[in-house]
Amino acid sequence: MATEREYDDIIAPMLADVAKRAAELGMSLVARVEWEPGEAGITQIGPMTSAAQIMTQYAALSRGNIDGMLIGLLKAVDCSQSMFLHGYANPARGGDHEA
């Protein structure tokens, strides 16, 4: 199994180069590398403009915590049109909870 040091010394610099090149081309990038269960490094760069890229970013940052991911998404993305999350979309943005 790989180690955090191997990630830091080998993989992270390569990902940083890829992220830099992607940014130069106007691309956003999110990469999550796990060297053992629950231990991961995340590289992200560029504007997170699409809902899909924002969802990927929050999934990578959540460390497997679905509540953390959803709370982050509720604050970052307009979820008012979601049949599952519409009742929670307003409160996360400071409005009244109606669900």
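Okay, before anything else, one term: a residue is called buried when its relative accessible area is under 20%, and exposed when that value is over 50%, with partly exposed in between. Keep that handy. Also keep in mind that what you see above is a predicted model.

Let's start with helix α2, which covers residues 51-61. Which of its residues are buried? Those are Gln53, Ile54, Gln57 and Ala60. Now look down the axis of α2: the buried residues fall within an arc of 125°, so they line one face of the helix. If that spacing seems odd, here's the general rule: an α-helix has 3.6 residues a turn, so residues three or four places apart point the same way. And what do the buried residues of α2 pack against? The partners are β1 (29-36), β2 (39-45) and α3 (66-76).

Let's zoom out for a moment. The chain has four helices and two strands, and if you read along the sequence you get the pattern α-β-β-α-α-α. There are 99 residues, and 25% of them count as buried. The accessible surface of the chain comes to about 6800 Å², with 55% of that belonging to carbon and sulfur atoms. As for contacts between residues at least 6 apart in sequence, 23% join residues at least 24 apart.

Now the inside. How many residues are in the largest nonpolar core? It has ten, and among them are Val30, Met48, Ile54, Ala60, Met69 and Leu73. You've met Ile54 and Ala60 already, as buried residues of α2. Helices α2 and α3 each supply at least two residues of this core, and α3 gives the most, with three. There's also a second, separate core of five residues, including Tyr7, Ala12, Leu15 and Ala31.

A nice residue to click on next is Thr43, in strand β2. Is Thr43 buried or exposed? Its relative accessibility is 13%, so Thr43 counts as buried, because the cut-off is under 20%. Leaving aside neighbours within four places in sequence, Thr43 is in contact with Tyr7, Leu15, Ala19, Leu29, Val30 and Ala31. Some of those names should ring a bell: Tyr7, Leu15 and Ala31 belong to the second core, while Val30 is in the largest one.

Leu29 takes us to Pro47. In sequence, Pro47 and Leu29 are 18 residues apart, yet from C-alpha to C-alpha the distance is 8.6 Å. Where is Pro47? Look in the loop between β2 and α2. With a relative accessibility of 51%, Pro47 counts as exposed.

On the other side of α2, so to speak, have a look at Arg63, in the loop between α2 and α3. Arg63 comes just after α2 and has a positive phi of about 55°, although it is not a glycine. Is this residue buried or exposed? Arg63 has a relative accessible area of 63%, so it is exposed.

Last stop, the surface. Which residues form a nonpolar patch there? They are Ile10, Ile11 and Met14, with about 260 Å² of accessible area together. Take Ile11, which lies in helix α1, residues 4-24. Its relative accessible area is 31%, so Ile11 is partly exposed. And that's my tour, thanks for listening!

Notes
Residues are numbered from 1 along each chain as its sequence is written. This is a predicted model: local features need pLDDT of at least 70, side-chain atom pairs count only at pLDDT 80 or more; totals for chains, interfaces and linings use all residues. Side-chain values use heavy atoms; hydrogens and water are left out. Patches are made of residues with over 30% relative accessible area and no salt bridge: like charges are joined within 9 Å, nonpolar side chains (Val, Leu, Ile, Met, Phe, Trp, Tyr) within 5 Å. Accessible areas come from the Shrake-Rupley method with a 1.4 Å probe; for residues, only the protein chains shown count as cover. A salt bridge is a side-chain nitrogen of Lys or Arg within 4 Å of a carboxyl oxygen of Asp or Glu. Buried means under 20% relative accessible area, exposed over 50%, partly exposed in between (1.4 Å probe, protein chains only). The arc is that of the directions from the helix axis to the C-beta atoms. Contact means heavy atoms within 4.5 Å. A nonpolar core is a set of buried Ala, Val, Leu, Ile, Met, Phe, Trp, Tyr and Cys residues joined through side-chain atoms within 4.5 Å.
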